[in-house]
Amino acid sequence: MSEQALLLVNLGSPASTEVADVRRYLNQFLMDPYVIDLPWPVRRLLVSLILIKRPEQSAHAYASIWWPEGSPLVVLSRRLTDAVRPYWKDGPVELAMRYGEPSIETSLLKLADQGIGKVTFAPLYPQFADSTTTTAIEEARRVIRDHGLSIQLSILQPFYDQPEYLDALVASAKPHLSQSFDHLLLSFHGLPERHLHKTDPTGSHCLKSSDCCQRAEGPVLASCYRAQCIQSAAAFAERAGLRADQWSVSFQSRLGRAKWIEPYTEAHLEELAAQGVKKLLVMCPAFVADCIETLEEIGDRGREQFIEAGGEELQLIPCLNTHDQWVQALVDLCRRAPLSL
């Protein structure tokens, strides 16, 4: 029986906090047509404008959360890979990043050089989005095609509703939820609204009513990021025993002037403070590893904004990272990954 490798895939990070490295990373990330889905000339112009000031700003933000070992996202992803290895008995376990290093190309070529013909490809994104899941899968297919690799992919599907994932999420948050707090905010990464319209197979459901995400099912739910976030949050809250008034959902990390999915985290933080919330817990279930969006955007800037608006304490609940129950859940989920045709 041939070996089946496991390739864990996350978003990626600049190689360092130097402005040049951050600019290189941002250019690769933002020029991805699945991230900024505009025609190439328009995308090139827009990204070039963004790269005038953004790299220096982002470099400062990265520097504020950088660890001695490197980028938190990469370090934590490597630790997760190491934690998974003893449980994956079918073959080698490797890590890849969609942007930066180790790249998907580097990792797939490494596995091919070892004679591996089957790879379970695991994008570490609980919810589906073209800008995360699809672009990672398409890059893997490009590498296999361009290099003529004899590799079959089994692909981990979005796992936002899987009991193993939800139970691990509750277990990781439990120490924080067992203390006294006023409110829990589940802040997911945002997307431009046009991304939802593009992936709506009916062309007539997404964002057509205030409760469209709660009612989404079947093919609509399978491709709607916002619906998966909201339904995932509701399932988590139910498992955690939270009342409806104890939690809410928002979306962070907006970029540019396009309309993004709402409610916006920045605005919601101020609303919660105005409503009298003093101790706020925040978790970010779109990420399985802590990164600049959790540690700096929420843990630093979000905390400062909430306190300036009248809150007293914002406590960031860590991502799943290398939580024991998450490690086992991930292995179980990957074992069920279907063969890609």
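Asn-321 sits in the loop between β8 and α14. Its phi is positive, about 50 degrees, although Asn-321 is not a glycine. Asn-321 is buried, with a relative accessible area of 13%. The model is a predicted one. The points below cover the loops, the cores, helix α6, a strand pair and the cysteines.

**Loops with unusual backbone**

- Leu-207 also has a positive phi, near 60 degrees, and is a residue other than glycine.
- The loop that holds Leu-207 runs between α7 (193-199) and α8 (212-215).
- Leu-207 is partly exposed, at 27% relative accessible area, whereas Asn-321 is buried at 13%.
- A cis peptide bond joins Glu-101 to Pro-102, with omega near -5 degrees.
- Pro-102 belongs to the loop between β2 (93-99) and α4 (104-113).
- Another cis peptide bond leads from Glu-262 to Pro-263, with omega near 0 degrees.
- Pro-263 is in the loop between β6 (247-252) and α11 (265-274).

**Leu-255, in the loop with Pro-263**

- The loop between β6 and α11 holds Leu-255 as well as Pro-263.
- Leu-255 is partly exposed, with 26% relative accessible area.
- Beyond its neighbours within four places in sequence, Leu-255 contacts Leu-30, Ile-50, Arg-54 and Trp-260.
- Leu-255 and Pro-192 are 63 residues apart along the chain, with their C-alpha atoms 8.7 Å from each other.

**Nonpolar cores**

- The largest nonpolar core counts 79 residues.
- Val-84, Leu-184, Phe-236 and Trp-326 have the most contacts inside this core.
- Helix α10 (residues 225-240) is the top contributor to the core, giving 8 residues.
- A second core is separate and has 19 residues, among them Ile-104, Leu-111, Ala-136 and Leu-153.
- Val-84, from the largest core, touches Leu-6, Leu-8, Val-93, Val-327, Leu-330 and Val-331, leaving aside neighbours within four places in sequence.

**Helix α6**

- Helix α6 (residues 163-177) has a kink of about 30 degrees at Ala-171.
- The kink comes shortly before the proline Pro-175.
- Buried residues of α6 are Tyr-165, Leu-166, Ala-168, Leu-169, Val-170, Ser-172, Ala-173, His-176 and Leu-177.
- These buried residues pack against three strands and two helices: β5 (183-189), β7 (279-283), β8 (313-316), α10 and α14 (324-335).
- Helix α10, one of these partners, is also the helix that gives the most to the largest core.

**Helix α12 and Leu-295**

- Leu-295 is part of helix α12 (residues 292-295).
- Not counting residues up to four places away in sequence, Leu-295 touches Ile-65, Pro-72, Asp-290, Asp-300 and Leu-316.
- The C-alpha atoms of Leu-295 and Pro-318 lie 8.7 Å apart, with the two positions 23 residues apart along the chain as a separation.

**Strands β3 and β4**

- Strands β3 (residues 118-123) and β4 (residues 152-155) pair in the parallel sense over 4 bridges.
- Within this pair, Thr-120 stands opposite Ser-154 in β4.
- The chain passes from β3 through helix α5 (residues 130-147) to β4, in a right-handed β-α-β crossover.
- In a regular strand, side chains alternate between the two faces of the sheet.

**Cysteines**

- How many disulfides does the model contain? The count comes to 0.
- A disulfide is a covalent bond between the sulfur atoms of two cysteines.
- The cut-off used for a disulfide is sulfur atoms within 2.5 Å.
- Why is Cys-229 not bonded to Cys-224? The sulfur of Cys-224 is the closest cysteine sulfur to that of Cys-229, but it is 8.5 Å away, too far for a bond.
- Cys-229 is buried, with a relative accessible area of 0%.
- For Cys-319, the closest cysteine sulfur is in Cys-284, at 5.8 Å, so this pair is also too far apart for a bond.
- Cys-319 is buried too, at 9% relative accessible area.

Technical notes. Residues numbered from 1 in each chain as written. Predicted model: local features only at pLDDT ≥ 70, side-chain atom pairs only at ≥ 80, totals over all residues. Heavy atoms only, no water. Core = buried A, V, L, I, M, F, W, Y, C linked by side-chain atoms within 4.5 Å. Buried < 20%, exposed > 50% of the residue type's maximum accessible area, 1.4 Å probe, protein only. Contact = heavy atoms within 4.5 Å. Bend = angle between axes of the 7 residues up to and from the residue. Pairing = 2+ DSSP bridges. Right-handed = clockwise from strand over helix to strand, strands pointing away.
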